[in-house]
Amino acid sequence: MANIIIKPGWQGRESEITTHSAYSGRRTFVKALGLGSIGIVSGWTHLSCTDDSRVRDVVRAAKDPDGPLDTIPENAPRKGLPANRNASFEVSEREVSSRLAASSYNNFYEFDGRSKEIWHLTENFNPFPSTLKVRGHVEKNLDINISELIESMDIEERLYRFRCVEAWSMTIPWSGFPMAKLIERCKPTSKATHVRFVSMSDKDEMPGVANQPWYEWPYYEGLRMDEAMNDLAFVATGMYGEPLPKQNGSPIRMVLPWKYGYKGAKSVNYIEFVRKEPNTFWNDLAPTEYSFLSNINPHVPHPRWSQASERFISDLESVRRIPTKMFNGYADWVGNLYPDEPIG
Ligand SMILES: Nc1nc2c(c(=O)[nH]1)N[C@H]1C(S)=C(S)[C@@H](COP(=O)(O)O)O[C@H]1N2
Ligand SMILES: [Mo]
């Protein structure tokens with residue numbers, strides 16, 4: 001474990017670890033160093049959007065107005081698009097974010113953990129065709145063709161608030177289908193208490209998987225079954241009336257608008273039904289910063305910044321600070337799932 005140099009993330013673009021000789025998995029690695037989470041991982045985890053460099057990234061991305069809109073896979077299904085909007089999910093207090101902002105200011109560590117400009121790194125990524133594997137406590141294992149899955153569902157549009165743990169936010173018109181419909185299709189047995197989602201992970205297609213080996217790829221997330229079956233839980237296959245751009249998680253990505261953005265795994269190709277609370281990517285990396293539940297709560301600060309307000313990205317030239325709502329404004333839908341949390 002010699003020759004390990006760790007720099008905070010804001011000191012430069014080169015990797016934090018210049019030598020990372022054989023280690024099996026990041027957890028063992030951090031344990032071997034005998035360090036707690038916060039200090040060591042500060043360069044690996046999220047930075048608050050109050051950091052000015054984040055906003056500079058937004059402006060820089062704006063200078064390339066064509067690229068981010070041009071990354072929809074050619075072979076993505078378009079059936080049912082644009083879909084009718086479901087009127088139950090109106091967002092009236094703020095405007096819809098621009099499509100350019102939503103497709104050029106992204107978090108997707110499989111491509112890059114540092115900059116928000118993911119779209120121009122997605123050239124080699126081929127989300128279609130692909131197979132969704134369904135495993136664990138199910139009547140039987142399934143290998144589902146994802147194009148066929150999308151084409152077999154009734155596609156609807158839902159306008160949802162979106163809140164990243166870094167304290168920036170948008171309002172996004174997703175298209176897709178309720179997560180409950182997918183779970184129905186998977187036929188979990190009564191033993192399943194939780195569901196895991198695992199993202200695609202390919203070194204040849206995703207530069208961040210190749211050059212950031214200290215992360216525990218593939219990205220993995222999870223929910224309780226009652227959360228996954230809630231009306232709000234959504235599987236997005238598109239946005240702004242088009243199929244999902246690659247940087248937004250093509251071919252399918254999970255959307256859980258009452259939770260911080262990282263709970264919604266992108267580019268999922270594996271679902272597993274399990275009997276206990278599963279480990280999750282960010283919670284394993286820094287348990288003091290990211291909990292399993294990760295419900296949006298303005299009263300609970302992140303250890304490194306407040307969560308009481310957020311930078312709302314309306315479009316790339318127009319960012320303003322607004323207050324954060326309990327459960328991101330979705331207490332009426334999900335408040336009853338968490339009897340121990342305040343609704344106020
Ligand atoms: N597989 C995977 N899923 C992911 C991430 C990631 O790095 N990898 N980032 C998460 C985070 S931190 C956020 S805020 C959202 C960003 O989604 P967007 O770029 O479409 O807005 O995706 C989430 N899902
Ligand atoms: Mo995020």
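The following paragraphs describe the nonpolar core, the pocket, the cavities and the ligand surroundings of a predicted model.

In this predicted model, local features require a pLDDT of at least 70 and side-chain atom pairs count only at pLDDT 80 or more, whereas totals for chains, interfaces and linings use all residues. Residues are numbered from 1 along each chain as its sequence is written, chains are lettered from A and ligands numbered from 1 in the order in which they are written, and side-chain values use heavy atoms, with hydrogens and water left out.

The largest nonpolar core (buried Ala, Val, Leu, Ile, Met, Phe, Trp, Tyr and Cys residues joined through side-chain atoms within 4.5 Å; buried means under 20% relative accessible area with a 1.4 Å probe, protein chains only) comprises 86 residues, and those with the most contacts inside it are Leu 132, Trp 174, Met 179, Phe 197, Trp 258, Phe 273 and Trp 282. Strand S4, spanning residues 168–178 (strands being DSSP runs of E of at least two residues, numbered from the N terminus), gives the most to this core, with 5 residues.

Open and enclosed spaces were located on a 1 Å grid over the protein atoms alone, where a pocket is an open set of points with protein on both sides within 12 Å along at least five of seven lines, a cavity is a set where a 1.4 Å probe fits but cannot get out, and lining residues have an atom within 4 Å of a point. The largest pocket holds about 320 Å³ of space, and of its 18 lining residues Tyr 260, Ser 291, Ser 294, Asn 295 and Val 300 are the closest to its centre.

The whole structure contains 4 cavities of 30 Å³ or more. In the largest cavity, with about 300 Å³ of space, the lining numbers 23 residues, of which Asn 107, Phe 162, Arg 253, Gly 261 and Lys 266 are the closest to the centre; the largest share of this lining, 4 residues, comes from S4. The second largest cavity, of about 80 Å³, is lined by 13 residues, with Phe 162, Val 255, Leu 256, Lys 259 and Gly 261 nearest its centre, and strands S3 (156–163) and S9 (253–255) each give two or more residues to that lining.

Around ligand 1 lie 18 residues (each with a heavy atom within 4 Å), of which Asn 106, Tyr 109, Glu 110, Gly 264 and Lys 266 come nearest. A polar side-chain atom of Ser 199 lies 2.9 Å from a nitrogen atom of ligand 1, while side-chain N or O atoms of Asn 248 and of Arg 253 are each 2.9 Å from an oxygen atom of the ligand.

Notes: Buried < 20%, exposed > 50% of the residue type's maximum accessible area, 1.4 Å probe, protein only. Points joined across faces, edges and corners; volume = space filled by probe spheres on them. Polar contact = N/O pair within 3.5 Å; in protein donor to acceptor, adjacent residues only side chain to side chain.
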